[in-house]
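Please work through the exercises below with the sequence and the model side by side, trying each task before reading its solution.

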Amino acid sequence: TPIHQMPYMITFENKASATATANEVFIADTLDLSKFDAESFSFDAFGWADTTLVVGGQHSQDFARDVIYNVKGHDITVRVSGQFDPQTGIVHWAFVSLEKNGDELENIMNGFLLPNNDDHVGEGFVSFTIEHKKNPANGSTISNKATIIFDANDPIVTNTYVNTFDIDYPSSQITKVEEKDGKLVVTVSGSDATSGIGSYQVYAFKNGGEAELVAVITEGNQATFACDSGTKYGLCVIATDNVGWNEPKDIKAETEVTSVKEALTDR
């Protein structure tokens, strides 16, 4: 089943080398509305250090939340807000440190985001979900990046994250079957133009019976499994690509082989 929802998370950090807390953090992300469905946008969650909050509400396109947070024994208010403009595709978030009563922060060293450490006190995030427009072309891409501003510093541009659409199915075939030391060695091949083959599932039908999964190949192109002497095996391979598309093939014998009977010996 195609997945239309695309979750995104933007992370930020007040580095351990910082000499002060971050009092204000502003984030902006411009979404490509030629590829995204603006009506499906929804703020998901936000947080920093040990604090995580869910925005709530399906397709929520704006929110504002005051969070009481203790910094070095001093309670402050962190005012967090987000707005999405469905006309331009621009998303804004703001984290602003205030006194507990909402007044301007008196001590700039009491900002909400401390210099980072092993407890991750200097890390934060925002997240959202949006759906891509239906029926993208196979191999087409969606790119996204954001801009983060700490206090009055220059903007920081995040890495560009690229999603590539894989909407085609893989294909596979059995290319060789050998018997060695009481085992069948099945060699397969396959292709998937976009994400590539992730695994092969090999099925066997013993003397025309029900299909049995006898091997899953995740590396290489061979599967080995024990066989009974003088038994007829029907074999089938199904490929799965790296995004989870299964080859649309009936599980039925593609090739057949009869294992060699053991020679009778005097005892």
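**Exercise 1: a six-stranded sheet**

Task: state how many bridges join strand β10 (residues 146–150) to β11, and in which sense the two strands run.

Solution. In this predicted model, strand β10 (residues 146–150) is joined to β11 by 2 bridges, and the two strands run antiparallel. Within this pairing, the residue that stands opposite Ile148 is Ile156 of β11. The next step is to place the pair in its sheet, which is open, has 6 strands in the order β5-β6-β7-β2-β10-β11, and is paired in the antiparallel sense. The edges are taken by β5 (62–71) and β11 (156–157); each has a single partner strand, so one side of each is left without a neighbour in the sheet.

**Exercise 2: residues in and beside β6 and β7**

Task: determine where His74, Ile90 and Lys72 lie, and whether each one is buried, partly exposed or exposed.

Solution. Begin with His74, which belongs to strand β6 (residues 74–84) and has a relative accessible area of 30%. Because buried means under 20% and exposed means over 50%, His74 is classed as partly exposed. His74 and Glu99 are separated by 25 residues in sequence, while their C-alpha atoms are 9.2 Å apart in space.

Ile90 lies in strand β7 (residues 90–99), and its relative accessibility of 28% makes Ile90 partly exposed as well. For Ile90 and Asp228, the separation in sequence is 138 residues, and the C-alpha to C-alpha distance is 65 Å.

Lys72, finally, sits in the loop between β5 and β6 and is exposed, at 58% relative accessibility. Although Lys72 is not a glycine, its phi is positive, at about 55°.

A further residue can be treated in the same manner: Asp181 is not a glycine either, yet has a positive phi of about 55°. Asp181 is placed in the loop between β13 (171–180) and β14 (183–191), and with a relative accessibility of 81% it counts as exposed.

**Exercise 3: a four-stranded sheet**

Task: give the order of the strands in the open sheet of 4 strands, and identify the strands at its edges.

Solution. The order is β1-β8-β3-β4, and the pairing is antiparallel. The edge strands, each pairing on one side only, are β1 and β4 (51–54). On average, and with direction ignored, neighbouring strands of this sheet are turned by 20° against each other. Looking inside the sheet, one finds that strand β3 (residues 36–48) pairs with β8 in the antiparallel sense over 8 bridges. Phe43 provides a landmark here, since its bridge partner in β8 is Phe128.

**Exercise 4: the pockets**

Task: describe the largest pocket by its volume, its lining residues and the strands that supply them.

Solution. The volume of the largest pocket is about 820 Å³. Its lining comprises 31 residues, of which Gln5, Met6, Asn163, Thr164 and Phe165 are the closest to the centre. At least two lining residues come from each of β1 (5–13), β8 (123–132) and β12 (161–164), and β1 contributes the most, with 7 residues. Sorted by class, the lining of the largest pocket contains 15 nonpolar, 13 polar and 3 charged residues.

The second largest pocket holds about 210 Å³ of space. Among the residues that line this second pocket are Glu13, Lys15, Phe150, Asp151 and Ile156, and the lining as a whole has 5 nonpolar, 3 polar and 4 charged residues.

**Exercise 5: the cysteines**

Task: explain why Cys236 is in no disulfide with Cys227.

Solution. A disulfide is a covalent bond between the sulfur atoms of two cysteines. The cut-off for counting such a pair is a sulfur separation within 2.5 Å. The cysteine sulfur closest to that of Cys236 is in Cys227, and because the two are 18 Å apart, they are too far from each other for a bond. The structure accordingly holds 0 disulfides. As for accessibility, Cys227 is buried with a relative accessible area of 11%, and Cys236 is likewise buried, at 0%.

Terms used
Residues are numbered from 1 along each chain as its sequence is written. This is a predicted model: local features need pLDDT of at least 70, side-chain atom pairs count only at pLDDT 80 or more; totals for chains, interfaces and linings use all residues. Side-chain values use heavy atoms; hydrogens and water are left out. On a 1 Å grid over the protein atoms alone, a cavity is a set of points where a 1.4 Å probe fits but cannot get out, and a pocket is an open set with protein on both sides within 12 Å along at least five of seven lines; lining residues have an atom within 4 Å of a point. Grid points are joined across faces, edges and corners, and a volume is the space filled by probe spheres set on the points. Ala, Val, Leu, Ile, Met, Phe, Trp, Tyr, Cys and Pro count as nonpolar, Asp, Glu, Lys and Arg as charged, and the others, Gly among them, as polar. Axes are lines fitted to C-alpha atoms, for helices over the stretch in contact, and angles run from 0 to 180 degrees between N-to-C directions. Buried means under 20% relative accessible area, exposed over 50%, partly exposed in between (1.4 Å probe, protein chains only).
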